[in-house]
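Open the model in your viewer and keep the sequence panel visible. The tour below goes from one selection to the next.

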Amino acid sequence: MNNNSHKVLFACSEIAPLIKTGGLADVCASLPMALRRANTDIKIALPGYKAVLEQIDDINFICMLDLPLGAVAICQCSIDDTDLLLICHPVFSNRAGNPYMSDDDRGWPDNPMRFALFSQAVTELSVNPVYLNWTPDLVHCHDWQTGLVPALLALHNPRPATVFTIHNLAYQGNIMHNHYAELGLPAALFHANGVEFWGQASYIKGGIAYADRVNTVSPRYAEEIQTDAFGNGLDGLLRSRQARVSGILNGIDIDEWNPATDTHLPANYSTKDLSGKQKNKAELQKRMGLPISPNTLLFGVISRLAEQKGIDVIVDAIENSDTLNYQLVVLGSGETDLQNRLNTLQQEHPEHVAVSIGFDESLSRLIEAGSDVFMMPSRYEPCGLNQLYSLRYGTLPLVTRVGGLVDTVTDYNNNNQDEANGFMIDETSPEALTDGINRALALYADKKTWKKLQQNGMASQFSWDISASLYLQLYNAAIGDAALANEQIRHAKLSS
Ligand code: ADP
Ligand code: GLC
């Protein structure tokens with residue numbers, strides 16, 4: 001390890017493949033690996049969920065931490081040669097289900113306590129070297145679940161630098177003020193410039209207000225969240241911190257997501273020989289109970305079933321159409337109302353629509369590989385990974401003109417076949433989506449141009465290496481900011 005390398009504690013609430021509800025888990029698995037390749041000394045902190053502990057054989061107890069919200073055990077294991085610190089407490093280790101919800105899809109009522117406890121543990125490990133014999137220069141936090149960490153660290157001097165990455169501004173971790181007080185969280189942070197948000201306490205606001213640097217996962221979303229339309233009430237604060245807010249596009253793990261080697265696929269393929277893609281299409285149609293039809297355009301969707309993703313608009317568009325001359329495969333889990341609407345659609349159009357409700361990694365790979373078009377009519381999209389996986393798998397994305405989708409997809413417009421890699425619609429509406437579907441159907445008849453667009457997508461460079469170097473620049477800036485803040489506070493204390 002280079003002596004000049006930074007020590008970074010990376011704090012997150014999910015990490016693939018151990019525990020995953022969405023793209024956050026993919027990023028928190030692959031970004032640390034890219035940072036390590038760039039010589040960063042990195043440790044990852046994750047709650048010790050039941051599902052995670054069940055998957056790890058070799059785990060070492062490090063120490064106990066006595067925190068205001070309870071005693072936690074810190075355990076350590078190694079994943080891909082990186083230290084993973086598991087923050088263990090019964091509120092994590094005794095629960096089945098995903099990180100935030102029970103198996104019957106109900107959010108754990110004590111989530112504010114659980115992630116405050118996690119944040120207290122991360123804070124303590126960051127400022128007190130006795131436990132790990134290692135002190136981070138910087139703590140990198142992700143989303144509301146870790147938003148309290150920069151706020152809690154601001155109460156320490158000296159403290160490490162902090163970077164807060166917003167993956168989704170709509171999920172904020174807001175709680176009533178009396179709940180905040182009952183949890184014994186610091187009153188000193190509860191004010192208009194701190195975690196206070198319209199009388200409530202907001203965990204994500206803690207991250208945005210106190211981190212040395214704030215970033216989000218695409219340049220376009222970094223601009224959007226500073227507007228009223230996409231700011232979720234935090235656009236004013238984000239504008240006031242404009243000089244510290246930036247966007248870094250997510251990368252993908254190009255070894256993990258590679259159609260030439262993906263072991264989940266019945267047939268592998270590459271840009272040079274796309275024939276395997278047809279075999280995956282046939283297998284997908286068979287597995288989902290659709291007619292096996294090589295020349296019918298097949299749209300794929302893999303998604304959290306949430307308002308963000310525009311799934312309702314997909315259902316509306318199909319319900320409004322007179323004839324269906326394409327197939328649609330949907331894999332998703334989430335809101336019950338959307339599940340019901342999708343199931344009804346499948347019953348009404350069994351020859352054209354196939355739905356699988358649940359979280360299924362293997363089927364998701366087959367959909368990426370076997371579909372012709374990946375449909376993603378999101379209302380907003382901080383980055384989006386599925387369109388990146390689709391590009392890599394030769395599946396043309398059909399996306400809305402928002403967020404990271406703008407930064408990664410180039411709309412086909414009849415005379416840009418050397419650059420285009422997909423289709424873009426201007427808004428999340430049934431009419432706009434129908435228009436996009438029709439444009440895809442029209443181009444599908446032109447096999448040569450279609451193949452060119454597939455090849456453009458497959459040649460796109462979305463590896464993490466470029467983004468990781470931008471994160472290193474951000475880390476340097478944050479470390480400079482923190483050094484200044486530590487010095488100013490030390491002087492103020494000396495002279496008072
Ligand atoms: P978001 O994080 O907003 O859900 P992304 O496009 O960034 O959206 O990432 C979604 C990730 O989660 C992708 O890796 C996608 O394949 C995966 N995913 C979403 N829903 C499912 C599901 N039902 N089964 C398997 N994988 C899923
Ligand atoms: C969030 C966003 C998604 C992004 C992912 C990873 O879940 O909704 O757009 O790709 O985080 O950063």
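For sorting residues by character, Ala, Val, Leu, Ile, Met, Phe, Trp, Tyr, Cys and Pro count as nonpolar, Asp, Glu, Lys and Arg as charged, and the others, Gly among them, as polar. Bear in mind that this is a predicted model.

**Stop 1: ligand 2.** Select ligand 2 and the 14 residues that surround it; the closest are His167, Asn250, Glu381, Cys383 and Gly384. By character, this shell splits into six nonpolar, six polar and two charged residues. Colour by domain next: domain 1 (3-251 + 464-495) and domain 2 (275-458) each supply at least three residues of the shell. Helix H1 (residues 23-37) gives the largest share, three residues.

**Stop 2: polar atoms at the ligand.** Show side chains and look at the oxygen atoms of ligand 2. A polar side-chain atom of Asn250 is 2.8 Å from one such oxygen atom, and a side-chain N or O atom of Gln308 lies 3.1 Å from an oxygen atom of the ligand. Pro382 takes part through its backbone, with an N or O atom 3.5 Å from a ligand oxygen atom. Of the 310 Å² of accessible area that ligand 2 has on its own, the protein covers 94%.

**Stop 3: strand S4.** Now select residues 70-79, strand S4. Is it enclosed or open? Seven of its ten residues are buried, so S4 is largely enclosed by the rest of the structure.

**Stop 4: the neighbours of S4.** Add strand S3 (residues 60-67), which pairs antiparallel with S4 over seven bridges; Phe61 has Cys75 in S4 as its bridge partner. Two residues separate S3 and S4 in their hairpin. Then add strand S5 (residues 82-88), antiparallel to S4 and joined to it by seven bridges. Here Gln76 is partnered by Leu85 in S5. Finish at Asp80, in the hairpin of S4 and S5, where phi is positive, near 45°.

Key. Residues numbered from 1 in each chain as written. Chains lettered and ligands numbered in written order. Predicted model: local features only at pLDDT ≥ 70, side-chain atom pairs only at ≥ 80, totals over all residues. Heavy atoms only, no water. Near = heavy atom within 4 Å. Polar contact = N/O pair within 3.5 Å; in protein donor to acceptor, adjacent residues only side chain to side chain. Areas by Shrake-Rupley, 256 points an atom, 1.4 Å probe, with all protein chains shown as cover. Helix = DSSP H or I, 4+ residues; strand = E, 2+ residues; numbered from the N terminus. Domains from an automatic or database assignment. Buried < 20%, exposed > 50% of the residue type's maximum accessible area, 1.4 Å probe, protein only. Pairing = 2+ DSSP bridges.
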